[in-house]
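I opened my notebook today to look through one protein chain, step by step. Here is what I looked up, written so that you can follow along.

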Amino acid sequence: MLMKEYRICMPLTVEEYRIGQLYMISKHSCEQSGGGEGVEVIKNESDTHPQHGPGQLTEKRIYLNSKLPSWAKAFVPRFFYVTEKAWNFYPYTITEYSVSFLPKFSIRIETRFENNNGDNDNVFEDTPTPAENVSFLDILSDPIPEKHYKESEDPGRWQSSKTGRGPLEKGWRDDHKPIMCSYKRVQCSFEVYGFQTRTEEFIHKNIRDILLVGHRQAVAWIDEWHGGERERERERERKRKEKSSCNKSAVIAQPAAAPASRPAFSRSISVTDELTLKKMGVTTAATSDPSLSSVPQSPMRLNSTPE
């Protein structure tokens, strides 16, 4: 098992990012649906952590077969999916991933958000991560894959009309106010002799890229979600109607009668995520038939979630 701790700073506060995190989950879930595939919500219920108090447990199946290259489909079962289990006790979260046909593969991401620039060396209050396993990721200067670059999401060019923040400049982490840090302790395990080390290193490289892109987007999209709490009272009046609508949108469609056909799924969105966002006044994508969606399919995001 290979464990690393990533620290990613953003020009936000932890309280602000409470809304931003939910918005990111909602938006990326919608992007993952399409082509008859998507995200099936298996479990969505309240939970309590002995140290961090009440929160939410969500279990999802992310179907990805159509996103595989043609050569890989010959080796992968038709019903290929990733199981995601997420415990949200904000500002502390845990996310676990497993793959349906790889019982020896798993990823565990433990996250803590704090209002500082990444200087807490024992943020998880147990055994500090060895210094050689800690990586500081800078959303401004660290490179990302060219295919993921968008000028509108470049922190060096970004400027928020709502908050007046941006663009970021070299050394911003030393004196920018506000500033928060997303601490992520990532454990990756692929216990197959002869493949373990290379596979775990490869996965960590991809997780690094996902975290950088995800946190850049959280900042660049701030005008889409910032300030949503102002509408909370107005949205509360429509709570019952919205709850009914969201519950219907999350129901899995009945499978077709044809044999060997995988059930079609409706929108890939957590009921709790959308309800919470609407209560805070943040607009989410409109419910639509996945088969008519014009949203392009995108690679799986591990709760980029800058969860």
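**Confidence first**

I began with pLDDT, the predictor's confidence in each residue, from 0 to 100. In the chain, helix α7 (residues 239-250) has the lowest confidence, at a mean of 44, while strand β7 (residues 134-137) has the highest, at 97. I noted that helices (H or I, at least four residues) and strands (E, at least two) are DSSP runs, numbered from the N terminus.

Two stretches caught my eye. Residues 243-272 have a pLDDT below 50, and beyond near neighbours in sequence this stretch has 56 contacts in the model; contact means heavy atoms within 4.5 Å. Residues 286-304 are also below 50, with 39 contacts counted in that way. Where pLDDT is low, the predicted coordinates should not be read in detail. For the chain, the mean pLDDT is 79, and 67% of the residues reach 70 or more.

I wrote down the ground rules too. This is a predicted model, in which local features need pLDDT of at least 70 and side-chain atom pairs count only at pLDDT 80 or more, whereas totals for chains, interfaces and linings use all residues. Residues are numbered from 1 along each chain as its sequence is written, and side-chain values use heavy atoms, leaving out hydrogens and water.

**The chain and its core**

I found eight helices and eight strands in the chain. Of its 307 residues, 49% are buried, meaning under 20% relative accessible area with a 1.4 Å probe, protein chains only (exposed is over 50%, partly exposed in between).

Next I looked up the largest nonpolar core, a set of buried Ala, Val, Leu, Ile, Met, Phe, Trp, Tyr and Cys residues joined through side-chain atoms within 4.5 Å. This core holds 54 residues, and Y17 and I107 touch the most other members. Helix α4 (residues 196-220) gives the most to this core, with eight residues.

**Strands side by side**

Strands pair if DSSP finds at least two bridges between them. Strand β5 (residues 92-99) pairs with strand β6 (residues 102-114) in the antiparallel sense over eight bridges. I saw that a hairpin of two residues joins β5 to β6, and that V99 stands opposite L102 in β6. β6 also runs antiparallel to strand β8 (residues 180-190), with 10 bridges; here F113 faces S182 in β8.

**A closer look at E5**

E5 lies in strand β1 (residues 2-10). Is E5 buried or exposed? E5 counts as buried because its relative accessibility is 2%. Leaving aside neighbours within four places in sequence, E5 is in contact with residues including F124, Y183 and R185.
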